[in-house]
Each structure stands twice: as C-alpha cells, then as structure tokens.
Amino acid sequence: MPSVLLIEDDAPIRTSLTRSLRDRGHAVSSAPTALDGLRSAVEDRPDLIVLDLGLPDMDGADLLRMLRAVSRVPVIVATARDGEADMVRLLDAGADDYVVKPYSAAQLDARIRAVLRRVGTGRTDTSLSVGTLRVDAGTREATLDGAALDLTPREFDLLHYLAARAGQVVTKRELLTEVWRLPYGGTDKTVDVHLSWLRRKLGETAQRPRYLQTVRGVGVRLTAPSSPGE
C-alpha cells in the first residue's frame, strides 16, 4: 500500500483528498503547514508527497527546495499557477509532476500511480524477509520456507504491514486504521479473525506461535523464530 503525505493547508480539501485517496488504496497522512510537512517527510519517509504551493508559513516552492536538500522522495506539486514558465521552474526545482487546480481525486490518483511506476522502475527488490518468510509487495506474493502462501488480498496487506514493522508491536487500532483504513470505526474482532486465518496459513496457532506473537493488552508483533525448528 503506497504511503502518501499530503501537505495542504485547506482543511476541507485535505479531508476530502485523504478520504478519496484512501478509498483508492493509498495509506495517507497529512500536514497543514510547510514545517509540519517537512518534519513528516523526514521522520515518516512516505513513498510520495503531494505538495500544495499556497501554504501559510512558507511558499511551497521554497519547501520543495528544502525537501530536495534532504530527500529524493517523489513530489507532485498542486498549484493554481498554470503558466509554462511556472511549470518549468517547479520541475527544474525538483518536482516529479504537477496538477493544476481545480483537479479531481481521480486525476491525482492517476498521477500518483504514474510517478510511483516511474520511480519504481529501477528497484531490484521489493520484498521483505523475516526468517524464512518472504513478502513481495511488487508481485503481491508471499512464501514461507520456500512454499507459496495462498493469501486473500486483505491477508496479504496485513502480513505485509506487519513484516514491514518486524520486531515492533503493532496495535489493533493501528491495523484498523492503516490496513482496513477505518480510522473512526471497526472492531478488534475484525483484526482477531484475520490474524487467526493468517496464523493458520503460517502453520501456527495463538497458543503455539511461530511468527505472530501476541502482546497481551497491546497488540501483535511479527518476528522471526529464534531457531529454524520453531
């Protein structure tokens, strides 16, 4: 699930775009100011940034130059400036693409996917390995001990999210927000059921875990077995 940071000061636009992009399969975080956006970009390392130029604390073009000084993250600039000279200046400053306001969520989603395809072309390995478990986001395939796992799309997303945070305790609320994209709803039972199905396919149980370790009262942690035989 690609992670997108939306730097936009207009609250209604920010809320609407966040919801629409999540519905289209992106994990979205947002920031209302340039400095908040810069902090999020450095700390959270999103896959892509959508940058509005009309920010209250700094011109977006200046923020773009600051981002380029510390990161190569792809940036799509959202602007009301549609002159050719402005577009050339932004692209020369390091933008990967741009959208001219007003634009639709569908158009932005298409540009996000196109930019991610371009920057992903040079990647040689999109997979994560935890012990003998391998999860490949590029092909959406997972194997355990060299054998393919038959996972549903949701099971794969859940496994990939946990594998990307191997060794960390992840709360059920975080899983509902980031995997199910239900920040204001959903129940822990939903997560429990899918974890049970995932455990079965990994050849383990809650009583005899191998990879999925329950941290009582907190959440779950995916970790490699301490020895191959476990």
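These are my notebook entries on a predicted model, starting with the whole protein and then moving to the surroundings of Arg 140.

**Overall look**

I started with the secondary structure and found 8 helices and 12 strands in the protein. I then boxed the C-alpha atoms along the principal axes and got roughly 65 × 35 × 30 Å. Of the 230 residues, 40% are buried. For contacts with a separation of 6 or more, I get 52% from residues 24 or more positions apart. The exposed surface comes to about 12,100 Å², with carbon and sulfur atoms supplying 49% of it. I also checked the charges: there are 32 positive and 32 negative ones, and their mean positions sit 6 Å apart.

**Arg 140 and its turn**

Where is Arg 140 found? I place Arg 140 in the loop between strand S7 (133-136) and strand S8 (141-144). S7 and S8 make a hairpin with 4 residues between them, and in that turn Arg 140 has a positive phi of about 55°. Is Arg 140 buried, exposed or partly exposed? I log Arg 140 as partly exposed because its relative accessibility is 41%, which falls between the 20% and 50% cut-offs.

Next I listed what Arg 140 touches, skipping residues up to four places away in sequence: Pro 153, Phe 156 and Asp 157. For Pro 153 I have a distance too, since its backbone oxygen lies 3.3 Å from a polar atom of the Arg 140 side chain. I also took a C-alpha separation to Ile 49, 91 residues away along the chain, and got 23 Å.

**Helix H6**

Pro 153 made me look at helix H6, which covers residues 153-163. I count H6 as mostly covered, with 9 of its 11 residues buried. Phe 156 and Asp 157, both touched by Arg 140, are among the buried ones. So are Leu 158, Leu 159 and Tyr 161, to name a few others.

**S8 and its partners**

I then followed S8 itself. Which of its side chains are buried? Ala 142 and Leu 144 point to one face and are buried, whereas Glu 141 and Thr 143 point to the other and are not. I note that side chains in a regular strand alternate between the two faces of the sheet.

On one side, S8 pairs antiparallel with S7 over 4 bridges, and I find Val 135 bridged to Ala 142. S8 is also joined to S9 (residues 147-148), again antiparallel, by 2 bridges. There I see Thr 143 opposite Ala 148. The S8 and S9 hairpin has 2 residues between the strands, and Asp 145 takes a positive phi near 55°.

Methods: Residues are numbered from 1 along each chain as its sequence is written. This is a predicted model: local features need pLDDT of at least 70, side-chain atom pairs count only at pLDDT 80 or more; totals for chains, interfaces and linings use all residues. Side-chain values use heavy atoms; hydrogens and water are left out. Buried means under 20% relative accessible area, exposed over 50%, partly exposed in between (1.4 Å probe, protein chains only). Contact means heavy atoms within 4.5 Å. Accessible areas come from the Shrake-Rupley method with a 1.4 Å probe; for residues, only the protein chains shown count as cover. Lys and Arg count as positive and Asp and Glu as negative; His and the chain ends are not counted. The place of a charge is taken as NZ of Lys, CZ of Arg, CG of Asp or CD of Glu. A polar contact is a pair of N or O atoms within 3.5 Å; within protein, one must be able to donate a hydrogen and the other to accept it, and residues adjacent in sequence count only if both atoms are side-chain atoms. Two strands pair if DSSP finds at least two bridges between them.
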